[in-house]
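Let us walk through this structure step by step, starting from its interior and then following one helix through it.

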Amino acid sequence: MSPRMPNPSLVVPDVLPPMRALVKAVNSVDVPLQTLVLVHLRVSQINGRTVELPKKQREFEEAGEEDHRLPLVERWREQTCFTDAERSVLALAEAATRIDGREDPVSDEVWEEAAKHWSEVQLAAVVLHIGLVNLWNRVNVVTKQEPVDWRINPKKWTPMTSRLPAAQQAQ
């Protein structure tokens with residue numbers, strides 16, 4: 001599958017900087033990056049956005065990834081390795097992503113469980129993170145972008161802008 005076009009955030013002038021600023025603001029709140037990664041992965045799975053995960057110990061080490069629970073996120077309810085706080089935002093992420101045809105997709109019970117574990121600012125950051133991941137997923141699915149190679153280590157991560165053809169980077 002090849003993309004229908006470059007990522008729209010790279011095509012429409014002046015879109016990428018504010019998007020990155022939103023991500024930076026969310027990441028600056030005291031929510032562990034590991035938790036945000038779990039939420040990102042779960043939302044992406046629900047949206048059908050393929051994420052290439054390490055499968056073997058060696059692949060985790062090469063990727064610089066320390067959280068070996070990533071392949072278990074899809075079945076988080078059945079696993080004992082996730083904390084109650086992580087479970088609360090995974091439930092929130094699922095509810096906030098699966099809103100079609102539901103009168104009250106995010107029940108008071110789901111919200112209150114998350115609020116027990118996170119401050120208002122942290123919870124606000126998680127809600128914004130869920131919305132941003134849903135936005136990125138939808139843009140990437142519509143334009144058939146390549147699957148994401150899940151590498152958390154910044155030394156291994158290829159920034160989206162480096163994927164632009166050289167002529168577009170010069171503009």
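In this predicted model, the largest nonpolar core is made up of 35 residues, and those with the most contacts inside this core are Val31, Leu92 and Ile130. Several helices contribute to this core, since helix H2 (16-28), H3, H5, H6 and H7 each supply at least two of its residues. As a general background, nonpolar side chains in soluble globular proteins tend to be buried together.

Helix H5 deserves a longer look. The helix runs over residues 84-97, and because each residue should add 1.5 Å, its 14 residues should span 20 Å, which agrees with the 20 Å that separate its end C-alpha atoms. H5 is mostly covered, with 12 of its 14 residues buried; among them are Ala85, Ser88, Leu92 and Thr97. What lies over these buried residues of H5 includes helix H3 (33-46), helix H6 (108-117) and helix H7 (120-142).

Which residues does leucine 92 touch, once its neighbours within four places in sequence are left aside? Leucine 92 is in contact with Val106, Val110, Trp111, Ala114, Leu123, Val126, Val127 and Ile130. Of these partners, Ile130 is itself named with Leu92 among the residues with the most contacts inside the core.

Serine 88 also has its place in helix H5, and it counts as buried because its relative accessibility is 2%, where the cut-off for buried is under 20%. Leaving aside its neighbours within four places in sequence, serine 88 is in contact with Glu113, Ala114, His117 and Trp118.

Notes: Residues numbered from 1 in each chain as written. Predicted model: local features only at pLDDT ≥ 70, side-chain atom pairs only at ≥ 80, totals over all residues. Heavy atoms only, no water. Helix = DSSP H or I, 4+ residues; strand = E, 2+ residues; numbered from the N terminus. Expected span 1.5 Å × (residues − 1). Buried < 20%, exposed > 50% of the residue type's maximum accessible area, 1.4 Å probe, protein only. Contact = heavy atoms within 4.5 Å. Core = buried A, V, L, I, M, F, W, Y, C linked by side-chain atoms within 4.5 Å.
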